[in-house]
Amino acid sequence: MQLAEYLVVAAGAATIVFILWFFFGTRKPSVTASGSTVQSQFALSGIHCPSCVLAIERVLRQTEGVVEATGNFGSARLTVIYDPARVDAKRIAGRVAQLGYTATEIVDEAIAADAGGELEYRDLTKRFIASAVLTVPVVAFSMFFMRMPPSPLVYLELLFTILLLVYPGKRIFTSAWGALRNRSADMNVLITFGTSAAFVYSLAVTMFHSAFRRSGIEPHVYYETTCVIISLVLLGKLLEAKARRNTTDAIRKLIQLQPSIARVLKAVTDDRSDLVEVELPIENLRVGDLVVVRPGERIPVDGEVTDGVSTVDESMVTGESTPVEKQPGDGVIAGTLNKTGSLVFKATRVGNDTTLAQIVALVRDAQASKAPIQRLADVVAGYFVPVVLCVAVLTFVVWYLFGPQPSLRWAMVSFVSVVIIACPCALGLATPAAVAVSTGRAATNGILVRNAEAIETAGRLTAVVLDKTGTVTTGRPHLADIVAADGYDEQDVLSLAAACEKYSEHPIALAIVEAAHERGLHLSETRNFEAIPGGGVRATVDGSNVLVGTETLLTTENVDLGNLRTAAESLRAQGKTAFYVAKDGVVAGIVAVADEVKPTSKEAVRRLKEQGLKVLLLTGDNALTAQSVGREIGVDSVIAEVQPAEKAVKVSDLQRQGEIVAMVGDGINDAPALVKADLGIAMAAGTDVAMESADITLVGNDLLAVPTAIELSRATIRIIKQNLLLAFAYNVIAIPIAAGVLYPAFGLLLNPMIASAAMSASSVSVVTNALRLRLVRLNSAGRA
């Protein structure tokens, strides 16, 4: 080998060692906050690919006072948990700015909802148009005239290329410089190295063309390569930005549901005898304001109807297509559409407290979260750029040593192709793009997903456990039967039961008391009320000790049930819940309540079983009653007479048997089981505790949403796996081809401009594949 070749090998080896040290050398460890922390969200702009977000995360995690930083390229959001005593939002934004990006703290979700994405799209459009205008003449001069220095056309190419680098390509180079300053790497670094290599080589040829000719090298320039690469990258980013905007369409549509102006009734006089309508911006509404909504108008905030009767279309929030009748006392939800009549309602929740605002926030959080399946892609993306740079340097050395003459030119072209064709974007977009579409689609169907992990878990379920009351049934029991023992009549039994239950808030107790009121019965004075969990209640009524409860409770209290056992069993076999009533240790009768099965429960169970899932009914109700309901809806198994504290144990038993379990419930007593299950699903009509314990909340309280959520989750996982396979396959195949592995056998060497087009196409294809989730037919057997 000649001296020059030895020098190239030595320089290549030194460069590879430097790259590895520069990106993977000793770094400042992340800091754990010692005091209380706060969480802030930032809107990101200027990011070009998921590796940009990874670079931001890496730098912030090394910032003193920052506990955790999680970004999402699809939604252009950054969530940071930090110690306010050591760092603030301004300092965090400054650290991001050092990388060449912009981070703006989100204060008003509605304002931030679409501004960043729209500005990004407009900026990319302007830059691409400018780039295309400058690229066309450079390509024309190069391809049709094929001039070499010292031709004036070459200097014109140089001028246009410099103009292109200064404006359209500026953000790419600025971001790359910011990443390198912080020893991070992203796609911009690869593009910068590739285009800079082509430009610097061309500039050297232009300035020193005579020296190149004396060395036997024809002074070919590659200005068109630099221009076309940047133009294609900008075009790819423009198409990708447009596609990414579509992935968050659901969020935008939800936010647009809320009107900006509301009509409020305001008092003209101090005695409030005269009320007039006043139009106010919704941000000025306060709890307690009386709001007027006419037919065809959207409801601005949550409230309770005080006057008027109408039907309201709640489909965009709950997923339920049938309009819901509203009358005084009923609740209304912000963003829903008033259909037939005028309503006056009292505002109960405004601003960020409305149901619609909470749905938007929950979907945003879910889209910003990362699914476990994404971890592999993040790990690979973290090493991707440095490894590609090393491969590119190695490619340059091999082509310089063994390539045809002029070997320097071939080595430079191959180097540029390798760094340009490599695409970390496709890897980083594989999961978040699909998650963004999926969570948005779920939200418009009344399914609120807490995080991306819930989607992945829902796609792997093997068993679904259903609570009975309020989940399978309506949760609104009514008195169905009364059986009186000898010496009592039905009114006596109902009076005793209602008097004993009147201080209880249990739905069954409320049904018994309501039935007594409807029959005009007088309820005696009650003292010493005591609720017995899972058993019933006891109290002193008119000086007598009264028990209302299960057979187990009365047997424990040594009450002889006599021949009423047969009547109770008959009622339970009909799906009714029977409770004994005893006075002073003697059974007085039975009150039986019925809780109707929801019309869609049977169909929901059928669809779950069609999906290959084991469906179980879990309830604290009597075995006969539970079996009757179980037969009616068609579950595989019934687990009855389970105390509230034992529900989580039953879920654990299933998990020990190898099942991946979803628990569907609505009450406080379901909360431990919802937490214990692999996936907790809560009905929104249930308690706040249940919803806070759940991974998925069903806004419409329709059990059919459960198989729909599972169906959508499975489709999402399929799309994610397809995207990851596409991204990995692209890079595994494309990089060796760009390096020239096909040249010895076929004489095929990839042009850097083709490499640039392929790189852009790979990112767009991943996002486009994710958008297919918008077309998946739910409630069907359709596959993504």
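In this predicted model, a good place to begin is L617, which stands opposite V638 in strand β23. The strand that carries this pairing, β22, is joined to β23 (residues 637-639) in the parallel sense over 3 bridges. Following the chain onward, one passes from β22 through helix α23 (residues 623-633) to β23, and this β-α-β crossover is right-handed.

Strand β22 also pairs with strand β15 (residues 463-467), to which it runs parallel, and here 5 bridges join the two. One pair that can be located in the structure is A463, which stands opposite K614 in β22. As for the surroundings of β22 (residues 614-618), 4 of its 5 residues are buried, and the strand is therefore largely enclosed by the rest of the structure.

Another part of the model shows strands arranged in the opposite sense. Strands of a sheet pair through backbone hydrogen bonds, and the pairing may be either parallel or antiparallel. Here 6 strands form an open sheet with antiparallel pairing, and their order is β6-β5-β7-β13-β8-β11. The edges of this sheet are held by β6 (275-281) and β11 (331-332), each of which has a single partner strand, so that one side of each is left without a neighbour in the sheet. Within the sheet, strand β5 (residues 261-267) and strand β7 (residues 290-293) pair in the antiparallel sense over 3 bridges, and V264 has V291 in β7 as its bridge partner.

The helices can be read in a similar way, since two packed helices are described by the angle between their axes and the distance between the axes. Helix α14 (residues 407-421) and helix α29 (residues 752-771) pack with their axes 8 Å apart and at an angle of about 5°, which means that α14 is roughly parallel to α29. On the α14 side of this contact lie V413, V416, S417, I420 and I421, and they meet P752, A755, S756, A758 and M759 in α29.

A second pair of helices is formed by α18 (residues 490-501) and α19 (residues 507-518), whose axes come within 9 Å and cross at roughly 130°. With that angle, α18 is oblique to α19, and the crossing in which α18 passes α19 is left-handed. The residues that meet are L494, A497, A498 and E501 in α18, and A509, I512, V513, A515 and A516 in α19.

Conventions
Residues numbered from 1 in each chain as written. Predicted model: local features only at pLDDT ≥ 70, side-chain atom pairs only at ≥ 80, totals over all residues. Heavy atoms only, no water. Buried < 20%, exposed > 50% of the residue type's maximum accessible area, 1.4 Å probe, protein only. Pairing = 2+ DSSP bridges. Right-handed = clockwise from strand over helix to strand, strands pointing away. Axes fitted to C-alpha atoms, helices over the stretch in contact; angles between N-to-C directions. Parallel < 35°, antiparallel > 145°, perpendicular 65-115°, else oblique. Left-handed = near helix turned anticlockwise from the far one by under 90°. Contact = heavy atoms within 4.5 Å.
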